[in-house]
Amino acid sequence: MKSETARTKTVRAIPRLEKRGTATQLIVDGKPFVMLAGEVHNSSASSREYMESVWERVVALHCNTAIVPVYWELLEPAEGKYDFTLVDGLLKGARKHHLKLALLWFATWKNAYSSYTPAWVKTALERFFRAQTADGKNTNAISCMCDAACVADARACAALMRHLRKADPQHTVLAVQIENETGILGQSRDHCPAAERAFASAVPAQLLEHLQARGEGLVPELKEVWNPGAKGTWAEVFGAGADEVFMAWHVARYVNRVAGAGKSEYPLPLYANAWLVQHASERPGQYPSGGPVSRMMNVWHAAAPAIDLLAPDIYLEDFKGVCASYTRGGNPLFIPEARRDESAAANVFHAIAQCDAICFAPFGIEGIPADGPLSKSYALLASALPVVAERQGTGTMLGILQSSDAVREADLGGFRLRIKSATPYEKTKVPSFGLVIALAADEYLVAGANIAVDFLPLPGGLPNVEQLFHEEGRYENGEWIPGRRLNGDEYAVVLHEEPGLRRVKLFSRA
Ligand code: DGJ
């Protein structure tokens, strides 16, 4: 038997990322934890009183995690004087509602601007100098070249993490986002004097060595702009991509110093989120240039090893495409912001079951109706979550997200699955969504809505497939509670518009 001390140590181990099978999972109290989360509106966490109603909404939606900001301007209103009242309120509120937290460190960057810096930072224009336009005008963002700002931001982030280490022994906080949607807007790079000097200098060897070592593993968008044979300035090495690569390197290095200072106090998983390229025709600066967009992921990995993962804020239609681009290069999928319309109810399945996401979070969670589609999807997933979390990275689970009448075939467990929508998409425009888990070679869990699953033999297998049982049911405390046994007119494995769960056991015969 484990000694008391060993057990306490296991239970109290700090939340960490761990590679299990092909997935990187967030391990909390020794078990994989998947965040069924929601991010609150930007200003909600500035009032403890206001948060009272927000907690209720988050709970009503069956979330297990709330993603909430911590504001540099309110944490350090005077230089070196920290106020943790709001942070302590968040810890208390989350615990009271049995929720976990991811905190957002709104500091030097918030959507590419510096609006959350304290007044003593904003007004000291010489000490905390700004990014500038090509004609030398200050912008409303601190420059990523400003060492003093980076030091001040890092010191405040360290103070926050030090406080969490002491104030959160029960690990209510599972992860921290460093800054918010970094990069420069309105122009492709910073033109302040320090940036001009750096841009005219040679590309640092550290970056080039990292890119060389990745070789064929680099994302194609970077390969397209990088001339591996060239040495010299950013323009000489990265040609048309020079401005964005330059910004990505310097922004990521700044973020890395902030993250590193925080991590040295309390090593929680840390991530950086991205304002994505909204359209292929957009140029850097139309979206924040230098932010962790997926085409810059290699540069971010080189410059910011203290950042554990790069996280997309997905408001685009092409949800699957974004997930695919952010799972390249071993980057674990963590979606801190997603659209809060009905698409969220479907997209969450693809993220968690198909892409092994650690987190899915619609933005503005307190504005989502408690009786809407997201609530139903979250309720179903929350009940099955221990089973789902265990299956990530094992090759025994697939996610379903289809907005067409296409038939998908996939081999899972001991059978070939043929998956289609229960009602024709072209008529209803209702997507099919859900997941399938091979609980054993001949037994499956099917969850979701508007899906029909046929089970066929694998090539070379016995030709006939029959059901041994098929039942609806639900999970309670990790245990399967069967409902109706389905047979006769209900023989086929079909889930209609209400999200539900099915278990089916099969038999192959000659
Ligand atoms: C993305 C930002 O990261 C959020 O903080 C918020 O401003 C949303 N946009 C608003 O849609």
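This is a tour of one predicted chain, stop by stop, with what to select and what is there.

The model is predicted, so local features are given at pLDDT of at least 70 and side-chain atom pairs only at pLDDT 80 or more, while totals for chains, interfaces and linings use all residues. Residues are numbered from 1 along each chain as its sequence is written, and side-chain values use heavy atoms, with hydrogens and water left out.

**The whole chain**

Start with the full chain in cartoon. The secondary structure comes to 16 helices and 23 strands; these are DSSP runs numbered from the N terminus, helices being H or I of at least four residues and strands E of at least two. The chain is as compact as a globular protein of 510 residues, because its radius of gyration of 24 Å is close to the 24 Å from the globule rule. That radius is taken over C-alpha atoms, and the rule is 2.2 Å times the number of residues to the power 0.38. Along the principal axes, the C-alpha atoms fill a box of roughly 80 × 55 × 50 Å.

Switch to a surface. Its accessible area is about 20,700 Å², with 53% belonging to carbon and sulfur atoms; areas come from the Shrake-Rupley method with a 1.4 Å probe, and for residues only the protein chains shown count as cover. Of the 510 residues, 55% are buried, where buried means under 20% relative accessible area, exposed over 50%, and partly exposed in between (1.4 Å probe, protein chains only).

Colour by charge next. There are 53 positive and 57 negative side chains, and the centres of the two sets lie 4 Å apart. Lys and Arg count as positive, Asp and Glu as negative, and His and the chain ends are not counted; each charge is placed at NZ of Lys, CZ of Arg, CG of Asp or CD of Glu.

For contacts (heavy atoms within 4.5 Å), take the pairs with a separation of 6 or more: residues 24 or more positions apart account for 73% of them.

**Residues 16-32**

Select β1, β2 and β3, an open sheet of 3 strands in that order with antiparallel pairing. Two strands pair if DSSP finds at least two bridges between them. The edge strands are β1 (16-20) and β3 (31-32), each pairing on one side only. β1 pairs with β2 (residues 23-28) over 5 bridges. Show side chains here: Arg16 stands opposite Ile27, and Glu18 stands opposite Gln25. The β1-β2 hairpin has 2 residues between its strands, and Gly21 in the turn has a positive phi of about 60°.

**Residues 130-142**

Move to β7 (residues 130-132) and β8 (residues 138-142), an antiparallel pair with 2 bridges. Arg130 has Ile142 in β8 as its bridge partner. In this hairpin 5 residues lie between the strands, and the turn includes Gly136, with a positive phi of about 80°.

**Ala152**

Select helix α6 (residues 147-167), where Ala152 is found. Ala152 is buried, at 1% relative accessible area. Beyond residues up to four places away in sequence, Ala152 touches Trp72, Glu76, Trp120 and Phe128. A C-alpha distance from Ala152 to Val121 should read 8.8 Å, for residues 31 apart in sequence.

**Phe349**

Next is helix α14 (residues 343-354), which holds Phe349. Is Phe349 buried or exposed? Phe349 counts as buried, at 0% relative accessibility. Its contacts, not counting residues up to four places away in sequence, include Leu380, Leu381, Ile400, Phe433 and Leu435. For a long view, draw the C-alpha line from Phe349 to Thr139: 41 Å, across 210 residues of chain.

**Lys429 and Asn450**

Two loop residues follow. Lys429 is in the loop between α16 (425-428) and β17 (432-440), and has a positive phi near 60° although not a glycine. Lys429 is partly exposed, at 48% relative accessible area. Asn450 lies in the loop between β18 (443-449) and β19 (451-457). Its phi is near 55°, again positive in a residue other than glycine, and Asn450 is buried at 4% relative accessibility.

**Gly473**

Finish in strand β20 (residues 464-476), at Gly473. Which residues does Gly473 contact, leaving aside neighbours within four places in sequence? They are Trp480, Ile481, Pro482, Gly483 and Leu501. The C-alpha atoms of Gly473 and Cys157 are 46 Å apart, with the two positions 316 residues apart along the chain.
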